[in-house]
Amino acid sequence: MLKGKDIISALDLTHEDIMDLIDLAEILRGKPMYDIAKDRILATAFFEPSTRTRLSFTFAMTRLGGTVIDMGPEQVTSRVKGETFQDTMRMIDGYCPDLIVIRHPVPGSAAEAARIADAPVVNAGDGTNEHPTQALTDLYTIWREYHGLDGLTIAIVGDLRYGRTPSSLSYAISKFQGNKIIYVSPRQLRIRREVLEKIKGKVEYEEIEGLDEMREPIHVIYMTRVQRERFEDPREYERLKGSYILTREVVDGLKGNPIVMHPLPRIIEIPEELDGHPRSRYFQQAQNGMYIRMAIITRVLDLRPP
Ligand code: CP
């Protein structure tokens, strides 16, 4: 189980871990406040912007009765004086938090933080690499819809090269049986080969470029934004940013009546006209992130849930 463990990659989560967290999230959402994390401290260290992940961890710990200490924006830390990432992590860990949640633009940085810190470390996004708690949020949202995580077809659409949620979602869903992923992206933004290597033989997949090439019914269409901040050439971003725009007409034309998901923030790929669509789930998905993070904190800190 997850007691005292780092959560760095969705690959490290077992089928049993995932189902236990989903079951617990479902219980914990039944009450707004608990006091099971009294006297426990969560430290958040975000070296990249975040709305959902940082705030949902903060709300989650607060709802469990614990305390959150946030590092604040990097510009107000001694990083601007030249302090290394390693020393910053050593300092945060030295103040004895019970758990550290970290986001950083460099792939592998969460694993590096975990090597430095005695406290368990949760990866809240390390560059283009992974975002395992988003994958748990995604699976929880899918499970709430379909009451299971086997035998599903999921289309993951957009920037699959620079996005970290497609890789973590692929790893997480590969722990279940009979699923298929349809990767939909422009040629320049295809899913990274290393991701395909890791899921080979565990989940069926295919790659296509156009939504109109999708012939089979799907359960989920998972949109992602084109990640402007990862492009070296801004003109390339401008060329690709509007590759997929999910209008009401496009959604209604998809076979299988899929739910629409997105890790958010959305830019132009999901217009506001879709917000009231009966199959849109992206705002519920963001809210589910708080409940699944309550479950993660509960398990890693070995709290006593009701
Ligand atoms: N989904 C997600 O990671 O959102 P934030 O970047 O706002 O945390």
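**View 1. The second largest cavity and the classes of its lining residues.** In this predicted model, the lining of the second largest cavity is split by class into 3 nonpolar, 3 polar and 3 charged residues. The space inside this cavity comes to about 50 Å³. To find the cavity in the structure, look for the residues that line it: G158, M223, T224, R225, V226, K241, S243, Y244 and E269. It helps to know that the structure holds 2 cavities of 30 Å³ or more, and the next view turns to the largest cavity.

**View 2. The largest cavity, set between two domains.** About 70 Å³ of space lies in the largest cavity. Its lining is made up of R52, T53, S56, Q134, T137, H262, P263, Q285, A286, G289 and R293. Helices α2, α5 (132–146) and α10 (282–300) are the elements that each give two or more residues to this lining. Which element gives the largest share of the lining of the largest cavity? That is α10, with 4 residues. Sorted by class, the lining of the largest cavity holds 2 nonpolar, 7 polar and 2 charged residues. Why does the largest cavity lie between domain 1 and domain 2? The reason is that domain 1 (10–131 + 289–300) and domain 2 (132–286) both give residues to its lining.

**View 3. The largest pocket, with residues from both domains.** Here we move from cavities to pockets, and the largest pocket has a volume of about 510 Å³. Its lining counts 26 residues, and those closest to the pocket centre are R103, R164, R225, L264 and P265. You have met R225 already, as one of the residues that line the second largest cavity. Two elements, α2 (52–63) and α6 (165–173), give two or more residues to the lining of the largest pocket. By class, this lining divides into 8 nonpolar, 10 polar and 8 charged residues. Both domains take part: at least three residues of the lining come from domain 1 (10–131 + 289–300), and at least three from domain 2 (132–286).

**View 4. The second largest pocket and the elements that line it.** The volume of the second largest pocket is about 290 Å³. Which of its 14 lining residues are the closest to its centre? They are I69, M71, M91, I92 and Y95. Strands β1 (41–46) and β2 join helix α3 (85–94) here, and each of these elements supplies at least two residues of the lining. The lining of the second largest pocket contains 8 nonpolar, 4 polar and 2 charged residues.

**View 5. The open sheet of four strands.** Strands β1 and β2, just seen at the second largest pocket, also belong to an open sheet of 4 strands. Reading across this sheet, the order is β2-β1-β3-β4, and the pairing is parallel. Which strands form the edges of the sheet? They are β2 (67–70) and β4 (121–126), each of which pairs on one side only. On average, neighbouring strands of the sheet are turned by 15° against each other, with direction ignored.

**View 6. A closer look at β3 and β4.** Strand β3 covers residues 99–104 and pairs with β4 in the parallel sense. How many bridges does this pairing span? There are 4 bridges between β3 and β4. For a landmark, find I100, which stands opposite V121 in β4. R103, within the stretch 99–104 of β3, links this view back to the largest pocket, where R103 is among the residues closest to the centre.

How values were computed. Residues are numbered from 1 along each chain as its sequence is written. This is a predicted model: local features need pLDDT of at least 70, side-chain atom pairs count only at pLDDT 80 or more; totals for chains, interfaces and linings use all residues. Side-chain values use heavy atoms; hydrogens and water are left out. Two strands pair if DSSP finds at least two bridges between them. Axes are lines fitted to C-alpha atoms, for helices over the stretch in contact, and angles run from 0 to 180 degrees between N-to-C directions. On a 1 Å grid over the protein atoms alone, a cavity is a set of points where a 1.4 Å probe fits but cannot get out, and a pocket is an open set with protein on both sides within 12 Å along at least five of seven lines; lining residues have an atom within 4 Å of a point. Grid points are joined across faces, edges and corners, and a volume is the space filled by probe spheres set on the points. Ala, Val, Leu, Ile, Met, Phe, Trp, Tyr, Cys and Pro count as nonpolar, Asp, Glu, Lys and Arg as charged, and the others, Gly among them, as polar. Domain bounds come from an automatic or database domain assignment.
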